[in-house]
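Let's take a walk through this structure together, going from the places where chains meet to some of the elements and residues inside them. Please have the sequence and the 3D view open as you read.

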Number of protein chains: 4
Amino acid sequence: MIAVLKPNTTIEQRSHLIDWLKGQNVDVHISEGKEYTVLGLVGNTSNIDVELLQSLSIVSSVKIISEPFKKANRKFHPENTVINVGDVKIGDGSCVMIAGPSSVESEEQIIDIAKKVKAAGAKILRGSAFKQSGSPYEFQGLKADGIDMLIEAKKETGLPIISEIMSINDLAVFENVDIIQVGARNMQNTELLKELGRIRKPVLIKRGLANNLKELLMSAEHVMAGGNEKVILCERGIRTFETYTKNTLDLSAVPVLHELSHLPVIVDPSRSTGYSKYVEPMSLAAAACGADGLMIEVHEDPMNALSDGASSIDPEHFARISDKIRMIREVIK
Amino acid sequence: MIAVLKPNTTIEQRSHLIDWLKGQNVDVHISEGKEYTVLGLVGNTSNIDVELLQSLSIVSSVKIISEPFKKANRKFHPENTVINVGDVKIGDGSCVMIAGPSSVESEEQIIDIAKKVKAAGAKILRGSAFKQSGSPYEFQGLKADGIDMLIEAKKETGLPIISEIMSINDLAVFENVDIIQVGARNMQNTELLKELGRIRKPVLIKRGLANNLKELLMSAEHVMAGGNEKVILCERGIRTFETYTKNTLDLSAVPVLHELSHLPVIVDPSRSTGYSKYVEPMSLAAAACGADGLMIEVHEDPMNALSDGASSIDPEHFARISDKIRMIREVIK
Amino acid sequence: MIAVLKPNTTIEQRSHLIDWLKGQNVDVHISEGKEYTVLGLVGNTSNIDVELLQSLSIVSSVKIISEPFKKANRKFHPENTVINVGDVKIGDGSCVMIAGPSSVESEEQIIDIAKKVKAAGAKILRGSAFKQSGSPYEFQGLKADGIDMLIEAKKETGLPIISEIMSINDLAVFENVDIIQVGARNMQNTELLKELGRIRKPVLIKRGLANNLKELLMSAEHVMAGGNEKVILCERGIRTFETYTKNTLDLSAVPVLHELSHLPVIVDPSRSTGYSKYVEPMSLAAAACGADGLMIEVHEDPMNALSDGASSIDPEHFARISDKIRMIREVIK
Amino acid sequence: MIAVLKPNTTIEQRSHLIDWLKGQNVDVHISEGKEYTVLGLVGNTSNIDVELLQSLSIVSSVKIISEPFKKANRKFHPENTVINVGDVKIGDGSCVMIAGPSSVESEEQIIDIAKKVKAAGAKILRGSAFKQSGSPYEFQGLKADGIDMLIEAKKETGLPIISEIMSINDLAVFENVDIIQVGARNMQNTELLKELGRIRKPVLIKRGLANNLKELLMSAEHVMAGGNEKVILCERGIRTFETYTKNTLDLSAVPVLHELSHLPVIVDPSRSTGYSKYVEPMSLAAAACGADGLMIEVHEDPMNALSDGASSIDPEHFARISDKIRMIREVIK
C-alpha cells in the first residue's frame, strides 16, 4: 500500500502519521519526491483502514498495490486449478456442459430429463431443491425431498449433481451432492462461505447481481481461507439499465477471471438473459471466449415448468448447442 | 395481473392459454378491445411465472397491477407503524437519533461513548459485534463478547441497543439486544429473514447496495410473513458510478417508502457517504425530508477506531447535529 | 397504450379522464373487468404524457404496448437491412472487419496501417480525426487534416472509410467519408442526429455509456425519421461497477437488436474492454453470437499511439483474429 | 501522476520506460522503496495515456494525484464564485428559487405563471423552448418563438430568465436570455461546451444521467477553458436501478461539489424525482444540505401541461415550499 502526502505536510505531521502506522504493525518506507512524499507501507497492511487513511487532511491519496485475494490469485498459483467431479474435469481446457431443470419437480421428471441431457452431451446434472425466491408467497422448492430425487437421478445416469444451498443448517442434506452452489444473492453471505470453507467438496459461487469481479474473488477467498480450495466461479449476469434481458451477461468476466485467478469459470446463459431465445447465441459466445463450462436450464416442457420456464430450452435444442460448442472449441484452441 | 394478447392471436391459441392459466388456479376475465384483447387474471396470481407468460409468442405484454408486498403495504394498513423500544417510539413523527461506534471495541469504550451520545441527544445505542467484512483477513468483530459489552453499556445508560446479526445460529446471543439489524449484504438472505420472522423483536433491515425499494419491501415481507411485524427500514446508500462518496445516499427513498409502506424509515448518513465531512449535511437533509430517525457512527477518537474511522464523527459534532435537527423538525411539521 | 383504473374510481372520474384523453386526440375503448377497468387508448398516443397519466390518483398503472421506434422496428420491416459501402455489404450475414488506428496521426501512418489491415482481412478502414476527449487539455485530433489523410489512405487501398463527426458544422469535411460515426457521448445529441437524417450516407451510432437498447433504437429513429434509413448500430460497452475492464461489453445486445430491428449490429471490442489482451476473446465471442461486423483498433506501434494504445493490437494479431472469426462463422451458419 | 513498477522490473526495462516518459515531456523522479519502485511524473502529464501506461507489463499500477479540472477546482480558487444575474446573486450563501413551467406553451401562459412564481418567491424564471425529447414524434418545443415569449415575461416581471440550448447554431436566439442551460443529455457534447466557453453569459450545466461528479466538473472545465468562468452546476438525478422515482436525486453531490469546486450548485427536484408529490420533501432536503438554489417546475394546471405535468406543482404549493426553505436556511446558517 502506498500513501501519497500532500505537498505542504510538515515534518511533525508526517512523523505523527508514521508513528500511527507503525502502531498498526506495518513498516513505513519514505520516498521523498520533488512534489510529493510517498510512504510505502510494507507488512500486514490488511489491518489498515484505507478509507480512514484517505480521509486524513495531510494525505493526498492512497493506492493499494496488491490484490486483496491471495489464495484465488494466479500470481501465487500460476497453474490452472482443475476440479475433478467423478470422471469430469472442470478447468482442464474443455467446456463442460452442466444442464437440467431450474427446479427439481418430481423424481420422474428429474430422472427423465437427466437421461435426455446426458444423451445430448451434458456431463453434470443441475436442479434446485432449495429455491431463492423474491417473495415469501412463491414456490420455495422441494427442499430435502428434491435433493433425494436428484440423488436418484444421479444413480440412474451416473451424472454428478450440483444444487444450491441456502442455509448452512441444511449441509447434512448435501452429503451426496457433488458440487454445492452458492446463489447470487448469497455471494456476500460470508457466514455461509466460511462454513463451506470447512468442507472438502467443490463449491460453485455465482456472481452477485451488482458485484464486481474483485468481490467475487473475495467470496472465493472466504471459502479458500478455510482450507477448501475447490472453488468454481460462475458469471450469471449483472444488473444494468437494460430491460430487454433479465440481466446483462458480462462475458469479458471470462478472460478477466482467467487472468486474475487459476480457478475455473462457468457461464450461465439462462439466468443471465432470462429468455430461451438468447440461450444459444450467448452459449456460443461464452464458448468462443474460453469459458470452462456452461450451466444451462433444460426442461422437457418449458411452458409447464414450476420455475423459470421462460429461460429453459428443450433437450433437442440443448443437443444442437452442444454440437456447435464442440466445433467452436476446435477453432479457438 | 393483466396479459395483453397480440392482435393476430387465434381463438384456439387464446383458449389454450386460458386453460393453462386456469390450471394454475387463477380466474381469467376477457376484455376484447378494438386492437388488443386483455386478459385480467384474478385470484392467487403469485404462482404465475410472469417471465414465462411474457415470453409466449401470442402475449404482447404482461402488467402486474398489485404490489407483491402485502403486510408491508400501506394500502392495507394506512396508519403508521410505531415501534416501541423501551421508552423510545420509532415512527411517531419524531426523528430518533441512534448513535455509537461502528464496532464495539472494549467495555470501557462502549460505556464511555454510550454516556456521551446519550448526553448529546441519542436515544438508542448502536455498535457492531459481528462484523461484515469484505476480506477474511480483516477484523471480524468481538462477536458474543461485544454483545455482552453492549449490554453493559445499556445497563449503565438505560439506552436501548441495536446490533447486527450475521447468522441465525447466533440468535441466542441477541436475547437482550433491543433491535436486531440485518446488514445490506444480507438483505436478500431469505433464510435469515424467515427465521427473524419467528421472533417478536424489532428488526432493522438495511437496503442492499444495488437493491431497489420494492426488493427492500419484499425483504420486510419475508420477515412479516412469519408473524413479526416490527420491521424498520433503513436507507444506507446504493452503489452508483460516483466515487467521491462511498455509496450514494438515496434520500428520495424516505418519501417513497413512506408512501408505499407504514413502516418507519431510518437513514444512515455515515455508511452511505463514507466520510465524516458529509455526515452533517446529509443528516440535516434526511431530517428535512421526513426520516423517522438517523443512525450515525460516533467515536471518541475516530483516528484510532478499529473500523470506519473515516466516517465517524466525535460526540461534540453529534451534539451540534442533534440540535439543528430538532430545529429543522420544528420547521417542517 | 393501456391505462388500468383503480377499483374505487367513480363514473364521474372516469368520464372526466376519458374526456381529457379524447381532447388529446386518442380514441378510448373501455373494458370493464371484475376488479379493474382497463382503458385501451388507440390512435396517435405519442402526445400522451405517460408519466402524467400514471401520476393521476385514479390510475393504477399505464402500459405502453407498442414500441416507440417505428422505422427501426423489425415488425414493420421483417427483412434485414443490408448497407452497401463500395463493394462491402453490412448486414448480409457476413462479419465485416473494420480496422485501423484510434486516431489518424499522419498521412504516412494511416496509409501504412491501411495497407496492413487490408492484407489482414479488413474491409473498411477506421480512424478518428475529430476526437471526443474528456479534458479540454488533451489531444483533440487532427480534424479536417486528419480526414484528408484518411481519404488519401482510401485512394491508396480502395478501402471505404469511417470516421466520427462531433459537430454538424463539420459535415462538409465528411463529403468523401463513407460512413459517418456518432460517438457514444453524442448518442442523444438529437440535433446532430436529426441533421444526419437529412443526408443519404450510412451513419453508425454507438450506444451511449449508460443507455439501454430502446434508447439506442430511438437514436436510430431520430436519423431515420428524417429519411436516412442507412443506420448501423454499434455496441461498444456500457458503464457498470466493474473496474477490471474500461466498460462492460454487452454481447446480448447482438441477438436482442437483431430481434427488435432489421438494422445491422457491429461490435467494438477495443473501446469496450479497454485492453488489447481482451480484444481477441471478445471478438471471437461477438462473432459467435452473430455480430454483423467488428470494429477493432489496430496500430503498428501501440506504445507510441497518440491515443488508446492500451486497447490497440498490432496487424499480425488482427490477422490471426480474422482467421479464427472466419472459421467460427462457418460453424454457426 | 505516480507509476508503481513491479518488483521484478529490470534496470533496462525501467530505463526504457523512463526514456519513453521523458519523450512525452514529463520529468521523472525515481523513489526506490523496499518492495516497489515508484516513478513520480512531474510536468504536463495530461499528454500521458494513463490506460496505456497501466497496461504495460512492468507497471503495477498508476495513480493520478491531481484532479484533471483546474479552473473549476477550489484548490486554485478558494473563494466561492458568486454569479450575478440582474440583481440576483447565485452562490452567495442564499438559496435562489428558480421556477416556471417545463415548456413555454404560449405568451399568455408564461407571463401568467411568471407573475405567480414571482409573487411566491421565485427570483429567476425557467421555461424550455427547445425541448430535448426521446422520440422524434413528440413535442419539440416552440423554439425561437418560445424564447421570444420568455423575453416578454421577463419584461413584464423583471425576472431574469433561463432556458436550454440544444445546438450552438441557435445561439443568436439566446441573446436576451440571462442563463443558458445545457441539458443532461448534452453534458458531454464537448463541441457545444467549447462554443459556450467563447461567450460571457452564465451557463448552467446539468449532470448527465450516468455521469459522475468528476465528469460534471470536466464539462464545466470545457466551458471555463474557453474563458467563460460563469458556470453553474446542477444536480438533477442520476440513473439507478430504482423505478419508483424517475431518477435518483444524489444530494450528497451538493457538499461534495462545494468541497471540490468554487462554483454554485443548484438542485432540480422536479426532473430528478419525476413526481410532484416528492418535490417538497426533496426541496427541503436540498435546502438543508446547502444547495445554492433550486430549480422547480411550476404550472398553473399540471394536468394540461404540454410536458412534464407529472412533476409540476402549482404556484400555491411552490409558495409554501419557499417559506419552509427560508426557515430551514435560518437553522443551518
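How many salt bridges does the rule find across the interface of chain B and chain A? Keep in mind as we look that this is a predicted model. Across the interface of chain B and chain A there are four salt bridges. One of them is a pairing you can pick out in the viewer: A:K246 with B:E51, where the closest N and O atoms are 2.5 Å apart. Polar contacts cross this interface too, and the rule finds 22 residue pairs of that kind, both residues being at pLDDT 80 or more. On the chain B side, the elements that each supply at least two residues are α2 (50-55), α5 (190-196) and α6 (213-224) of chain B. By class, the residues on that side divide into 16 nonpolar, 20 polar and 13 charged.

Now for the extent of this interface. The size of an interface is often given as the accessible area lost when the parts come together. For chain B and chain A, the buried area comes to about 4100 Å², with 49% of it on carbon and sulfur atoms. Within chain B, the residues that lose the most area to chain A are B:E51, B:Y137 and B:M303, which together account for 17% of what that side buries. So B:E51 is worth a second look, because a salt bridge is a side-chain nitrogen of Lys or Arg within 4 Å of a carboxyl oxygen of Asp or Glu, and B:E51 has A:K246 as its partner at 2.5 Å. In terms of contacts, 49 residues of chain B touch 49 residues of chain A.

Let's turn next to chain D and how it meets chain A. Here 20 residues from chain D and 20 residues from chain A make the contact. The two chains bury about 1900 Å² between them, and 69% of that lies on carbon and sulfur atoms. How many salt bridges are counted between chain D and chain A? The count is zero. Polar contacts are found across this interface, with two residue pairs, both at pLDDT 80 or more. On the chain D side, the elements giving two or more residues are β1 (2-5), β2 (26-32), β3 (37-43) and β4 (59-63) of chain D. That side is made up of eight nonpolar, six polar and six charged residues.

From the interfaces we can move to a strand within chain B. Strand β7 (residues 96-100) of chain B is mostly covered, with five of its five residues buried. In a regular strand the side chains alternate between the two faces of the sheet. In β7(B), one side carries B:V96, B:I98 and B:G100 and the other carries B:M97 and B:A99, and all of these are buried. Which strands pair with β7(B)? Strand β14 (residues 293-297) of chain B runs parallel to β7(B) and is joined to it by five bridges. Strand β8 (residues 124-126) of chain B also pairs with β7(B) in the parallel sense, over two bridges. B:I98 is a handy residue to centre on: opposite it in β14(B) stands B:M295, while its bridge partner in β8(B) is B:I124.

In chain C, we come to a helix. Helix α9 (residues 279-288) of chain C is largely enclosed by the rest of the structure, because ten of its ten residues are buried. Among them are C:E280 and C:S283, along with C:M282 and C:L284. After α9(C) comes C:G290, with a positive phi near 100°.

Three asparagines round off the tour. C:N189 sits in the loop between β10 (179-182) and α5 (190-196) of chain C. Is C:N189 buried or exposed? With a relative accessible area of 5%, C:N189 is buried. Leaving aside its neighbours within four places in sequence, C:N189 is in contact with D:N186 and D:N189.

Most residues other than glycine have a negative phi. B:N25, in the loop between α1 (11-22) and β2 (26-32) of chain B, has a positive phi of about 70° although it is not a glycine. B:N25 counts as exposed, at 64% relative accessibility. In chain C, C:N25 lies in the loop between α1 (11-23) and β2 (26-32), and its phi is positive, near 70°. C:N25 is exposed, with a relative accessible area of 64%.

Terms used:
Residues numbered from 1 in each chain as written. Chains lettered and ligands numbered in written order. Heavy atoms only, no water. Contact = heavy atoms within 4.5 Å. Buried area = accessible area lost by both parts, 1.4 Å probe. Polar contact = N/O pair within 3.5 Å; in protein donor to acceptor, adjacent residues only side chain to side chain. Helix = DSSP H or I, 4+ residues; strand = E, 2+ residues; numbered from the N terminus. Nonpolar A, V, L, I, M, F, W, Y, C, P; charged D, E, K, R; others polar. Buried < 20%, exposed > 50% of the residue type's maximum accessible area, 1.4 Å probe, protein only. Pairing = 2+ DSSP bridges.
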